[in-house]
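Let us walk through this model together, one site at a time. Keep the 3D view open as you read.

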Amino acid sequence: MSWLPPLDLTSWPTTAEKAMALQDELRPLICPVTPPGARFRTVARLDSAYADTGAVTAAVVVLAADTLRPVASAVAHGAAAFPYVPGLLAFREIPATFAALEKLCTAPDLLVCDGQGLAHPRRRFGLACHLGLLTGVPTIGVAKTVWGEYAEPGPERGAATDITIDGAVVGRALRTRAGVKPVFVSVGHRIDLDTACAQVLALTPRYRLPETTRHADHLCRAALRTATGN
DNA sequence: GCGACAG
DNA sequence: ATCTTGTCGC
């Protein structure tokens with residue numbers, strides 16, 4: 001018995017129209033609130049790597065929130081299930097990512113995704129939202145580039161400004177390192193924006209991106225090379 | 001109409 | 001995402 005509910009890939013969308021319809025259908029189920037008493041003792045970072053052949057490898061690295069030390073990791077590989085389409089990244093990334101998560105013995109307390117959560121144009125349902133609903137685990141999106149409008153936050157670490165789309169606050173530009181381009185944080189599911197930003201700051205004591213990113217990035221790239229044959 | 005567009 | 005040379009800084 002896994003901590004993760006099964007993912008039925010036979011009904012995975014194969015067209016942009018069906019994918020967008022699914023996003024519209026799932027959007028109302030998002031809960032942007034941290035469950036009472038929630039504790040984030042372990043945090044997982046997710047990443048994917050692609051080969052020109054269409055092969056994909058996903059990696060998950062779990063770390064202890066207090067020490068930022070890795071405590072578990074897993075990889076999974078397969079074929080890209082969807083082309084890259086702006087706004088539909090989740091349909092490309094989730095199948096392999098989910099397979100990697102299935103290999104973990106226990107559920108992480110928080111999943112940190114590469115990309116957007118609610119800071120997603122038009123449908124407000126980015127990768128982090130989708131993965132949050134599928135896993136039931138709190139998720140946040142940390143993107144390197146933004147969709148939406150924001151004012152440049154102050155130069156010091158911790159400075160933040162709201163990101164808005166059509167006038168609605170959908171995330172926050174957060175300076176994780178003094179004098180360096182901010183990251184763009186948005187809620188995925190089961191966490192609030194303030195808590196999400198606090199978690200991202202806790203994960204970035206020295207680099208712009210969360211501590212585990214290099215680890216997850218190196219892990220899936222190395223695994224992809226092995227699976228592909230260098 | 002044209003360009004821009006998470007990873 | 002991925003492909004690449006050089007460069008700056010701790």
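## Two aspartates and two DNA strands

A good place to begin is the interior: is Asp 47 buried or exposed? In this predicted model, Asp 47 has a relative accessible area of 10%, and a residue counts as buried under 20%, so Asp 47 is buried. You will find Asp 47 in strand β1, which covers residues 42–50. Leaving aside residues up to four places away in sequence, Asp 47 touches Thr 57, Ala 58, Ala 59, Asp 114, Ala 216, Asp 217 and Cys 220.

One name in that set of contacts, Asp 114, leads us to the next stop. Asp 114 sits in strand β4, made of residues 110–114. With a relative accessibility of 16%, Asp 114 counts as buried too. Beyond residues up to four places away in sequence, Asp 114 is in touch with Arg 45, Leu 46, Asp 47, Leu 89, Leu 127, Val 142 and Lys 144. With Arg 45 there is also a polar contact between the two side chains, at 3.0 Å.

Which residues does the UniProt annotation "binding site" cover? In that unreviewed entry, the annotation covers Asp 47 and Asp 114. The two span 68 residues in sequence, yet their C-alpha atoms are no more than 6.6 Å apart, so they gather at one spot. Both Asp 47 and Asp 114 are included in the lining of the largest cavity.

Now turn to the nucleic acid, starting with DNA strand B. There are 14 residues around DNA strand B, and those that come nearest are Tyr 84, Gln 116, Leu 127, Lys 144 and Trp 147. Two of these names, Leu 127 and Lys 144, have already appeared among the contacts of Asp 114. By class, the surface near DNA strand B has six nonpolar, six polar and two charged residues.

What parts of DNA strand B lie within 4 Å of the protein? Of the atoms of DNA strand B in that range, 50% belong to sugar or phosphate, and the rest belong to bases. Individual atom pairs fill in the picture. On the base side, a nitrogen of DNA strand B is 3.4 Å from a polar backbone atom of Leu 88. At the phosphate, an oxygen of DNA strand B is 2.7 Å from a polar backbone atom of Lys 144. A sugar or linking oxygen of DNA strand B lies 2.8 Å from a polar side-chain atom of Trp 147.

DNA strand C has its own set of surrounding residues: Ala 49, Tyr 50, Lys 144 and Arg 221. These divide into two nonpolar, no polar and two charged residues. Here a backbone N or O atom of Tyr 50 lies 3.3 Å from a phosphate oxygen. A polar side-chain atom of Arg 221 is also 3.3 Å from a phosphate oxygen of DNA strand C.

Lys 144 deserves a second look. Its backbone faces a phosphate oxygen of DNA strand B at 2.7 Å, while a polar atom of the Lys 144 side chain lies 3.1 Å from a phosphate oxygen of DNA strand C. Lys 144 also touches Asp 114, one of the residues under the "binding site" annotation.

A last stop is Thr 176, in the loop between β8 (168–174) and β9 (183–189). Thr 176 is buried, with a relative accessible area of 2%. Its contacts, not counting residues up to four places away in sequence, are Arg 157, Val 183, Val 200, Leu 201, Thr 204, Tyr 207 and Arg 208.

Definitions and conventions. Residues are numbered from 1 along each chain as its sequence is written. Chains are lettered from A and ligands numbered from 1 in the order in which they are written. This is a predicted model: local features need pLDDT of at least 70, side-chain atom pairs count only at pLDDT 80 or more; totals for chains, interfaces and linings use all residues. Side-chain values use heavy atoms; hydrogens and water are left out. UniProt positions are given in the numbering used here, feature names are shortened, and annotations may be inferred rather than shown by experiment. On a 1 Å grid over the protein atoms alone, a cavity is a set of points where a 1.4 Å probe fits but cannot get out, and a pocket is an open set with protein on both sides within 12 Å along at least five of seven lines; lining residues have an atom within 4 Å of a point. Helices (H or I, at least four residues) and strands (E, at least two) are DSSP runs, numbered from the N terminus. Buried means under 20% relative accessible area, exposed over 50%, partly exposed in between (1.4 Å probe, protein chains only). Contact means heavy atoms within 4.5 Å. A polar contact is a pair of N or O atoms within 3.5 Å; within protein, one must be able to donate a hydrogen and the other to accept it, and residues adjacent in sequence count only if both atoms are side-chain atoms. A residue is near a molecule or strand if one of its heavy atoms lies within 4 Å of it. Ala, Val, Leu, Ile, Met, Phe, Trp, Tyr, Cys and Pro count as nonpolar, Asp, Glu, Lys and Arg as charged, and the others, Gly among them, as polar.
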